[in-house]
Amino acid sequence: GGWLHVKIASCGTALCGTIDMAYNADGSDHASYEHVGKRMIWDMKSAGDGSYSGGKIWAPDKDKTYKSKMSLSGNKLTVKGCVAGGAICRGQTWTKVN
């Protein structure tokens, strides 16, 4: 029911994302969330036109790591974690916060 702020930054020649903050469903700060500071996205390389691929994403709700791809359009980042060679994916669209 809650949500996360994930800080996306360069890590070498790729992009990585780290859980920066966590919030409860009511919007209150979940300062004790055990995964704050944990890397959630790594090794994402630009494929051009706002697309990124070749990386991994860790899903805290499943505690599993998936092959991942992302696409950026304006302030919306669509992230997908895939299995079975990319045939089965689940994803979310994240919104940039200031």
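**A seven-stranded antiparallel sheet and its contacts**

Strands S4 and S5 pair in the antiparallel sense, with seven bridges between them. Within this pair, Ile-57 has Tyr-66 of S5 as its bridge partner. The model discussed here is a predicted one, and the S4–S5 pair is a convenient place from which to explore the rest of it.

The two strands belong to an open sheet of seven strands, arranged in the order S1-S2-S3-S4-S5-S6-S7 with antiparallel pairing. Strand S1 (3–11) and S7 are found at the edges; each has a single partner strand, so one side of each lacks a neighbour in the sheet. On average, neighbouring strands of this sheet are turned by 30° against each other, direction ignored.

Moving from S4 towards the S1 edge, the next pairings can be taken in turn. S3 and S4 are joined in the antiparallel sense over five bridges, and here Lys-45 stands opposite Ser-53 in S4. S2 and S3 also pair in the antiparallel sense, over three bridges, with Leu-15 opposite Met-44 in S3. In a regular strand, side chains alternate between the two faces of the sheet, a useful point to keep in mind when following these strands on screen.

The turns between strands hold some details of their own. The hairpin of S3 and S4 has two residues between the strands, and in it Asp-49 takes a positive phi near 55°. Asp-49 is a residue other than glycine, and its relative accessible area of 83% makes it exposed. A similar entry can be made for the loop between S4 and S5, where Asp-63 is placed. Asp-63 has a positive phi of about 50° although it is not a glycine, and Asp-63 too is exposed, at a relative accessible area of 55%.

The loop between S4 and S5 also takes part in the one salt bridge of the structure. In it, the side chains of Arg-90 and Asp-61 meet at 2.7 Å, N to O. The pair links distant parts of the chain, as Arg-90 is in strand S7 (residues 88–95) and Asp-61 is in the loop between strand S4 (51–59) and strand S5 (64–73), 29 residues apart. Asp-61 is exposed, with 57% relative accessible area, whereas Arg-90 counts as partly exposed at 39%.

Attention can now turn to the interior. In soluble globular proteins, nonpolar side chains tend to be buried together. The largest nonpolar core of this model has 19 residues, and Met-40, Ile-41, Met-44, Ile-57, Met-70, Val-79 and Trp-94 are those with the most contacts inside it. At least two residues of this core come from each of strand S2 (14–23), strand S3 (39–48), S4, S5 and strand S6 (76–83). Leaving aside neighbours within four places in sequence, Trp-94 is in contact with Val-6, Met-40, Ile-41, Ile-57, Asn-75, Lys-76, Leu-77 and Val-79. Ile-57, already met as the bridge partner of Tyr-66, is thus one of the contacts of Trp-94.

Ser-68, in strand S5, is a polar residue to look at alongside the core. Ser-68 counts as buried because its relative accessible area is 7%, where the limit is under 20%. A polar atom of the Ser-68 side chain lies 2.8 Å from the backbone oxygen of Lys-80. Not counting neighbours within four places in sequence, the contacts of Ser-68 include Met-44, Ser-53, Ile-57, Lys-80 and Gly-81.

Another buried residue is His-35, with a relative accessible area of 17%. His-35 lies in the loop between S2 and S3 and touches Ile-19, Trp-58 and Pro-60, setting aside residues up to four places away in sequence.

Finally, Thr-95 belongs to strand S7 and counts as partly exposed at 43% relative accessibility. Beyond residues up to four places away in sequence, Thr-95 touches Asn-75 and Lys-76. With Lys-76 there is a polar contact between the two side chains, at 2.9 Å. The C-alpha atoms of Thr-95 and Ile-19 are separated by 14 Å, while the two residues are 76 residues apart along the chain.

Notes: Residues are numbered from 1 along each chain as its sequence is written. This is a predicted model: local features need pLDDT of at least 70, side-chain atom pairs count only at pLDDT 80 or more; totals for chains, interfaces and linings use all residues. Side-chain values use heavy atoms; hydrogens and water are left out. A salt bridge is a side-chain nitrogen of Lys or Arg within 4 Å of a carboxyl oxygen of Asp or Glu. Helices (H or I, at least four residues) and strands (E, at least two) are DSSP runs, numbered from the N terminus. Buried means under 20% relative accessible area, exposed over 50%, partly exposed in between (1.4 Å probe, protein chains only). A polar contact is a pair of N or O atoms within 3.5 Å; within protein, one must be able to donate a hydrogen and the other to accept it, and residues adjacent in sequence count only if both atoms are side-chain atoms. Contact means heavy atoms within 4.5 Å. Two strands pair if DSSP finds at least two bridges between them. Axes are lines fitted to C-alpha atoms, for helices over the stretch in contact, and angles run from 0 to 180 degrees between N-to-C directions. A nonpolar core is a set of buried Ala, Val, Leu, Ile, Met, Phe, Trp, Tyr and Cys residues joined through side-chain atoms within 4.5 Å.
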